[in-house]
Amino acid sequence: MDTSSIKIVTCNNNDIKINSYVLTYQNYSIVIDPNNYEEIIETLKDTKLEYIFLTHEHFDHILCVDKLREYYGAKLIAQKLTSKNIQSSSKNLSKFSEIIFDFMKKTPKYKINEISVNSADIEYDDIFKLEWYGYTFFFKHTPGHTEGSSCIYVGNYLFTGDSLFKNINTSFFGNKKLKNDYLNITIPFFYSLDKNLLVLPGHYESFLLEEKLK
Ligand SMILES: [Zn+2]
């Protein structure tokens with residue numbers, strides 16, 4: 001699939017340096033993991049935001065979901081456990097933001113308000129497919145970093161959220177089941193994909209899948 005007419009902009013002007021991605025085709029757009037409302041609105045310009053996709057339930061990836069939905073009437077697509085967990089401030093970790101920022105050595109002391117996001121408009125279990133102006137987006141549940149983590153791919157692009165980074169390992173928050181799921185489900189999934197995919201992760205820089213899997 002030739003995805004050269006989809007424009008992808010990375011928005012990462014936010015406190016925890018998460019990558020929100022804005023995908024535009026003609027006058028239509030999609031946002032993946034929306035964090036900073038102002039930056040995303042500015043990037044969307046006058047396109048019509050139709051969908052919001054989530055790679056997982058953590059607060060830094062969902063901060064302005066409801067604001068965008070309200071403003072644009074966009075539909076939220078998420079794996080069903082992510083859809084459930086975004087509603088809880090302890091599951092989306094916003095309840096512990098102070099501890100997390102402290103751990104990341106954010107000074108001066110910093111925290112965000114606890115948030116709860118409404119459940120997704122479209123939920124899926126293991127896999128899901130969305131047709132969008134001739135492009136097919138594939139969604140795959142890839143548990144490990146969280147129970148609801150997913151990857152999304154279209155054409156040459158693979159959006160991994162916090163499930164795959166170039167230079168650091170994915171964290172499992174000390175959860176043994178999640179670590180096993182990652183080894184048994186998610187890693188084999190990565191190996192099943194075309195190695196030339198460009199990985200667009202939830203933090204840090206993009207890279208070719210083959211660089212990571214070699
Ligand atoms: Zn995360």
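Student: What makes the largest nonpolar core of this predicted model a nonpolar core, and which residues have the most contacts inside it?

Tutor: A nonpolar core is a set of buried residues of kinds such as Val, Ile, Leu and Phe, joined through C-beta atoms within 7 Å. The largest one here has 45 residues. Those with the most contacts inside it are Val 31, Ile 52, Phe 53, Leu 68, Ile 152, Leu 158 and Phe 159.

Student: Let's take Ile 152. What does Ile 152 touch?

Tutor: Leaving aside residues up to four places away in sequence, Ile 152 touches Ile 32, Phe 53, Thr 55, Phe 137, Phe 138, Phe 139 and Phe 159. Phe 159, in β10, also stands opposite Ile 152.

Student: Why is strand β9 called mostly covered?

Tutor: A residue is buried if 20 or more other C-beta atoms lie within 10 Å of its own. In β9, residues 150-154, five of the five residues are buried, so "mostly covered" fits.

Student: Which residues of β9 point one way and which the other?

Tutor: Ser 150, Ile 152 and Val 154 point one way, while Cys 151 and Tyr 153 point the other way, and all are buried. In a regular strand the side chains alternate between the two faces of the sheet.

Student: What makes β8 and β9 a pair?

Tutor: Two strands pair if there are at least two bridges between them. β8 (residues 135-141) and β9 have four bridges, in the antiparallel sense, so they qualify. One of the bridge partnerships joins His 141 to Ser 150.

Student: And how do you know that β9 pairs with β10?

Tutor: Go by the bridges again: β9 and β10 (residues 157-161) have three, also antiparallel. The cut-off is at least two, so this is a pair too. Val 154 has Tyr 157 as its bridge partner in β10. The two strands form a hairpin with two residues between them, and Gly 155 in the turn has a positive phi of about 50°.

Student: Why do β7 and β12 count as edge strands of the sheet?

Tutor: The open sheet has six strands in the order β7-β8-β9-β10-β11-β12, with mixed pairing. β7 (127-132) and β12 (207-208) each have a single partner strand, so one side of each is left without a neighbour in the sheet.

Student: Why is Phe 96 called partly exposed?

Tutor: Buried needs 20 or more neighbours, and exposed means 12 or fewer. Phe 96 has 16 C-beta neighbours inside 10 Å, so it falls in between. Phe 96 sits in the loop between α3 (80-85) and α4 (97-103).

Student: Why do Lys 45 and Tyr 133 count as exposed?

Tutor: The limit for exposed is 12 or fewer. Lys 45 has 10 C-beta neighbours inside 10 Å, so it counts as exposed. Tyr 133 has 10 as well, so the verdict is exposed again. Lys 45 lies in the loop between α1 (37-44) and β4 (48-53), and Tyr 133 in the loop between β7 and β8.

Student: What makes the phi of Lys 45 worth a remark?

Tutor: Lys 45 has a positive phi of about 50° although it is not a glycine. Most residues other than glycine have a negative phi. Tyr 133 also has a positive phi of about 50° and is not a glycine.

Student: How do you know that the radius of gyration agrees with a compact globule?

Tutor: With 214 residues, a compact globule would have a radius of gyration near 17 Å, and the protein has 16 Å, which agrees.

Technical notes. Residues numbered from 1 in each chain as written. Predicted model: local features only at pLDDT ≥ 70, side-chain atom pairs only at ≥ 80, totals over all residues. Rg over C-alpha atoms; globule rule 2.2 N^0.38 Å. Contact = placed C-beta atoms within 7 Å.
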